[in-house]
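Work through the exercises below with the model open beside you. Each task is followed by a solution that proceeds step by step.

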2 protein chains.
Amino acid sequence: MARLVMKFGGTSVADIERIRIVAQHVKREVEAGHQVAVIVSAMAGTTNQLVEWTREASPLHDAREYDTVVSAGEQVTSGLLAIILQSMGVSARSWQGWQIPLRTDETHGSARIDDVEDSLLVARLDEGQVAVVAGFQGISDAGRITTFGRGGSDTTAVAIAAAIKADRCDIYTDVDGVYTSDPRIVSNATRLERVSYEEMLELASLGAKVLQTRSVEMAMKHDIPMMVRSSFDDPEALSAAFCGDNSVVGTLVCDEDEIVEKHVVSGITYSRDEAKITLLEVQDKPGVSAEIFGLLADANINVDMIVQNVSANGAHTDLTFTVPVSDFERANNVIKPLEESLSYRDLLGSTDVVKVSVIGVGMRSHAGVAAKMFKALADKNINIQAISTSEIKISVLIDSAYTELAVRTLHSVYELDKT
Amino acid sequence: MARLVMKFGGTSVADIERIRIVAQHVKREVEAGHQVAVIVSAMAGTTNQLVEWTREASPLHDAREYDTVVSAGEQVTSGLLAIILQSMGVSARSWQGWQIPLRTDETHGSARIDDVEDSLLVARLDEGQVAVVAGFQGISDAGRITTFGRGGSDTTAVAIAAAIKADRCDIYTDVDGVYTSDPRIVSNATRLERVSYEEMLELASLGAKVLQTRSVEMAMKHDIPMMVRSSFDDPEALSAAFCGDNSVVGTLVCDEDEIVEKHVVSGITYSRDEAKITLLEVQDKPGVSAEIFGLLADANINVDMIVQNVSANGAHTDLTFTVPVSDFERANNVIKPLEESLSYRDLLGSTDVVKVSVIGVGMRSHAGVAAKMFKALADKNINIQAISTSEIKISVLIDSAYTELAVRTLHSVYELDKT
């Protein structure tokens, strides 16, 4: 017997027939003797409709009322799934955030979980009742409904898993796991059997939109293994298997120590959400960078990569940095008024760039990973415009026209191709 | 300054534009200096969709989960109206049943209100904040969401009005009041300025579907005047008037003592939801009626009118009674097996009947109201098949073909026609 959290997103509960399939997945685990808490999102499209209504009501709206409106979607799904489980002979009841209660701070719209009261839930789980928990929502100390922002049901799932000390948190989605790269670009991409929390964080934030970053952070903190698996597989055909059982098709996100066969590189990702800004011949004197990036920070613009060339003449230098595409115009408007004070020669910008990243915990112990990357790209005549690195990641900025070529080349060079 | 409850039904909040008009009605009262609690239904169509989903999920579903699902509709409207009020500069917040809390028993789907905690609400009202209350729902002692059945938002409105000691409860609907008869049949029907709780109960249960019966009972018990008025009138054009102010267009439902000019008859109603069953030549002996109506009661069939002729020969009699059309077939199935024990000659049934009623508190002190009714119908050659009476009502069962003729004739005879 294990205690299991299962989370199903919007496409997995899009209509009654899909919810019925979710119920079959749940029933399979219950019949295998597991205690189950299920976390559900709103039916696909519902949240968009509710958000649209709040916008029509007023573009500037009280976040507390926004949360009241949008949380209704998960409430509906939780009740419907409980009904269907009961009709299949599975004991179940729905739980809203305020009923558990799942307490959060008062940051409506993107609340943080303070505390999950587990006693009521655990008592029911011990009685063999499935807990169907409305995802994405909690209750503030003021007694108002709070929500966690888009994708917040993943966060609910991990928080509940941590509170009830679940053995695993299964995230059911429309793909059967995390891949070494985007299968739409790399037909040879393979599913990762296991990936560490740290790698998953890089994979999640760099474009593989399978898991919400915050949920992975929380899972890492509480050491809750997460399994990414498909809700579109036949529920009957899947085995009610458990952590470590190789018959489960999916990707286990777990502690690095639990990964025996470590790959040097686990995945290649890319992000088109990058815009490049270059200041030519900026004055090379102390405080220049502080002024530029201070102003961008004040404008709440997130700067990612930064490259400053060595000053050729000791007086001027070129400065390149990237911002999200959505902030490109705003960033330009912040920089332009500095033309005089910084006396730069020209301001260049481009959105025709892509950030390609190589990710893997193995980098920590293997030298030459970066060199291999740069050589592989050079061999294909792909020019690197900027570089940034972390302990387990190397990212390069290149011309977006080379996206597919670069990703495929790196996928092959690091021996990730399906054999 | 008065304390006012305003209730808006589904068609009044059908979309964002309609909710904006509701907000204008509320703003008008706030600007007149009144403290306001607004009770809202789900947006028209929403509840039907939610109910349909629960049916698809399982025809036999847990009423607690049904309540969880369907209560989401009112939750959405309450948040949206609060947002729109705020955008108009009116301080407002939404309240779900569990937040007030509005406590009910555990009869999910048709719960009864036990207690409304008024302290939080009143504190906010005293601060000048509009309370936007999600109608139709409460919370049980077990902490589950309960609902009151269709039309339950009227009940919420009166319960809130009683709890906060409101001066009046305004029910905004798609008509501008209660009429002396159905305007679709009687073009001369006039709006009643005032009607007593007792009369309204008869009018409501007999077909004038303006107010939910339970809400009128509760208003009578707590002596909360109710005003039926239109949400489709121009909010700007209406005066923010108050009880007793004749400039308010609507019908005031209030204590009989507050009605100065009492009409003998206030209204003529009709109901097509009647089916007639006649047992010919039933044995005329003690216990026969008890057996028949006992079995019908056991089958949960509500018998309305009962007529038993005087026995001609002392041995046999004819027995006629009416049941709701929806129970007609079931009632026949209950009676048929009694053929032997009661040894009746024949079982006749018809759904081609209508019940026409004359209602008015004036009947208490005026003789001859019934006689006038029977004579008027006789003059038009309309045969009366059954009669039932109460202190303030006379109902007759007639051939449904004569519905319009009977209603118009009586409307004229009792001098209710527009002059």
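Two residues are taken to be in contact if their C-beta atoms, placed from the backbone, lie within 7 Å. The model examined here is a predicted one.

**Exercise 1. The contact between the chains**

Task: Determine how many residues chain B and chain A each give to the contact, and which helices of chain B supply its side.

Solution: Start with the count, in which 27 residues come from chain B and 27 residues from chain A. Next, assign the side of chain B to its helices: α2 (46–57), α3 (63–70) and α4 (72–87) of chain B each supply at least two residues. Among these helices, α4(B) gives the largest share of that side, with 11 residues. Finally, sort the side of chain B that touches chain A by class, which yields 12 nonpolar, 12 polar and three charged residues.

**Exercise 2. The relation between the copies**

Task: Find what rotation and what shift superpose chain B on chain A.

Solution: The superposition takes a rotation of 180 degrees with 0.0 Å of shift along the axis, and it leaves an RMSD of 0.1 Å. This is therefore the relation of a two-fold axis. The same surface serves both copies, as 100% of the contact residues of chain B recur in chain A. To locate the axis relative to chain B, look for B:Ala72, whose C-alpha, at 2.6 Å, comes closest to the axis among the residues of that chain.

**Exercise 3. The nonpolar core**

Task: Identify which residues have the most contacts inside the largest nonpolar core, and list what A:Val38 touches.

Solution: The largest nonpolar core has 240 residues, and those with the most contacts inside it are A:Val38, A:Leu81, B:Val38 and B:Leu81. Leaving aside residues up to four places away in sequence, A:Val38 touches A:Met6, A:Phe8, A:Val26, A:Leu81, A:Val130, A:Val132 and A:Val133.

**Exercise 4. Helix α6 of chain A**

Task: Check the span of helix α6 (residues 152–163) of chain A, and decide whether its residues are buried or exposed.

Solution: At 1.5 Å a residue, the 12 residues of this helix should span 16 Å, and the end C-alpha atoms are 16 Å apart, so the two values agree. As for burial, α6(A) is mostly covered, with 12 of its 12 residues buried; these include A:Gly152, A:Asp154 and A:Ile160. After the helix comes A:Lys165, which has a positive phi, near 55 degrees.

**Exercise 5. The domains of chain A**

Task: State which residue ranges the domain assignment gives for chain A, and how the domain centres are separated.

Solution: The assignment gives domain 1 (3–175 + 210–256) and domain 2 (275–350). Taken over C-alpha atoms, the centres of domain 1 and domain 2 of chain A are separated by 43 Å.

Methods: Residues numbered from 1 in each chain as written. Chains lettered and ligands numbered in written order. Predicted model: local features only at pLDDT ≥ 70, side-chain atom pairs only at ≥ 80, totals over all residues. Least-squares fit on C-alpha atoms with pLDDT ≥ 70 in both. Core = buried A, V, L, I, M, F, W, Y, C linked by C-beta atoms within 7 Å. Buried ≥ 20, exposed ≤ 12 C-beta atoms within 10 Å, placed from the backbone. Helix = DSSP H or I, 4+ residues; strand = E, 2+ residues; numbered from the N terminus. Expected span 1.5 Å × (residues − 1). Domains from an automatic or database assignment. Nonpolar A, V, L, I, M, F, W, Y, C, P; charged D, E, K, R; others polar.
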